Amino acid sequence: MVGQQVLATPLVRSANTYRLPRSAVFQLARQNYVLVRSGDSLTAQEVELLGSQGDDYLLRASAGLEGAEVLVASVSAVQGILLGLGGE
């Protein structure tokens, strides 16, 4: 849900590498993304999946996610909007 904060902790051994819930990651045009709150809007940030750990993905983000608000719920609804689904 927008406004929900998730702690994205960098992994010690690799710069800009994080563990986030699988629900935060979506795919568009064969690329993986997370949605980051930027003011009153959401910005899709491309990520590279490195692996999984339980219900989380290990991923690398080109821009750091420290302190960022990452959407972890309703991600598929936003993905549908980006794909033009559900319009009238």
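In which elements of the protein is confidence lowest and highest? In this predicted model, the mean pLDDT is lowest in helix 1 (residues 75-82), at 68, and highest in strand 5, at 92. For the protein as a whole, the mean pLDDT is 80, and 69% of the residues reach 70 or more. Where pLDDT is low, the predicted coordinates should not be read in detail. The details of helix 1, with its mean of 68, are therefore to be read with this caution.

The protein contains 1 helix and 5 strands. Along the sequence these elements follow the pattern β-β-β-β-β-α. Of the 88 residues, 28% count as buried. Among the contacts with a separation of 6 or more, 56% are accounted for by residues 24 or more positions apart. Ser 38 and Val 70 give an example of distance in sequence set against distance in space: 32 residues separate them in sequence, and their C-alpha atoms are 9.8 Å apart. Ser 38 belongs to strand 3, and this residue counts as partly exposed because its relative accessibility is 40%, between the limits of 20% and 50%.

Strand 3 pairs with two other strands, strand 2 and strand 4. Strand 2 (residues 25-28) and strand 3 run in the antiparallel sense and are joined over 4 bridges. Within this pairing, Gln 27 has Asn 32 of strand 3 as its bridge partner. The pairing of strand 3 with strand 4 is also antiparallel and extends over 7 bridges. Here Tyr 33 is matched with Glu 46 of strand 4.

Each of these pairings forms a hairpin with 2 residues between the strands. In the hairpin of strand 3 and strand 4, Gly 39 takes a positive phi near 70 degrees. In the hairpin of strand 2 and strand 3, a positive phi near 55 degrees is found at Ala 29. Most residues other than glycine have a negative phi. Ala 29 is not a glycine, yet its phi is positive. Arg 30 is likewise not a glycine and has a positive phi of about 65 degrees. Both Ala 29 and Arg 30 lie in the loop between strand 2 and strand 3. Ala 29 counts as exposed because its relative accessibility is 70%, and Arg 30 counts as exposed because its value is 76%; the limit for this class is over 50%.

The interior of the protein was examined next. The largest nonpolar core has 13 residues, of which Leu 20, Val 34, Val 36, Leu 59, Leu 65 and Val 70 touch the most other members. Strand 1 (17-21), strand 3 (31-38) and strand 5 (56-61) each supply at least two residues of this core. A second core, separate from the largest, consists of 5 residues, including Phe 26, Leu 35, Leu 71 and Val 75.

The surroundings of Val 34 can be described in more detail. Residues up to four places away in sequence being left out, Val 34 touches Leu 20, Ala 24, Val 25, Phe 26, Thr 43, Ala 44, Gln 45, Val 47, Leu 59 and Val 70. One of these contacts, Gln 45, is placed in strand 4 (residues 41-53). Gln 45 counts as buried because its relative accessibility is 14%, which is under the limit of 20%. Apart from neighbours within four places in sequence, the contacts of Gln 45 are Asn 32, Tyr 33, Val 34, Val 36, Ala 61, Ser 62, Ala 63 and Leu 65.

Aromatic side chains complete the description. A search of the whole structure finds 1 aromatic pair, formed by Phe 26 and Tyr 33. A pair of aromatic rings is described by the distance of the centres and the angle of the planes. For Phe 26 and Tyr 33, the centres are 5.7 Å apart and the planes lie at 25 degrees, so the pair counts as stacked, a class that requires an angle under 30 degrees. Phe 26 is buried, with a relative accessible area of 4%, and Tyr 33 counts as buried at 17%. Another aromatic ring, that of Tyr 57, has the charged end of Arg 22 over it, 4.9 Å from the ring centre.

How values were computed. Residues numbered from 1 in each chain as written. Heavy atoms only, no water. Core = buried A, V, L, I, M, F, W, Y, C linked by side-chain atoms within 4.5 Å. Buried < 20%, exposed > 50% of the residue type's maximum accessible area, 1.4 Å probe, protein only. Contact = heavy atoms within 4.5 Å. pLDDT = per-residue confidence, 0-100. Pairing = 2+ DSSP bridges. Phe/Tyr/Trp six-rings, centres within 6.5 Å; stacked < 30°, edge-to-face > 60°. Lys NZ or Arg CZ within 6 Å of the ring centre and 35° of its normal.
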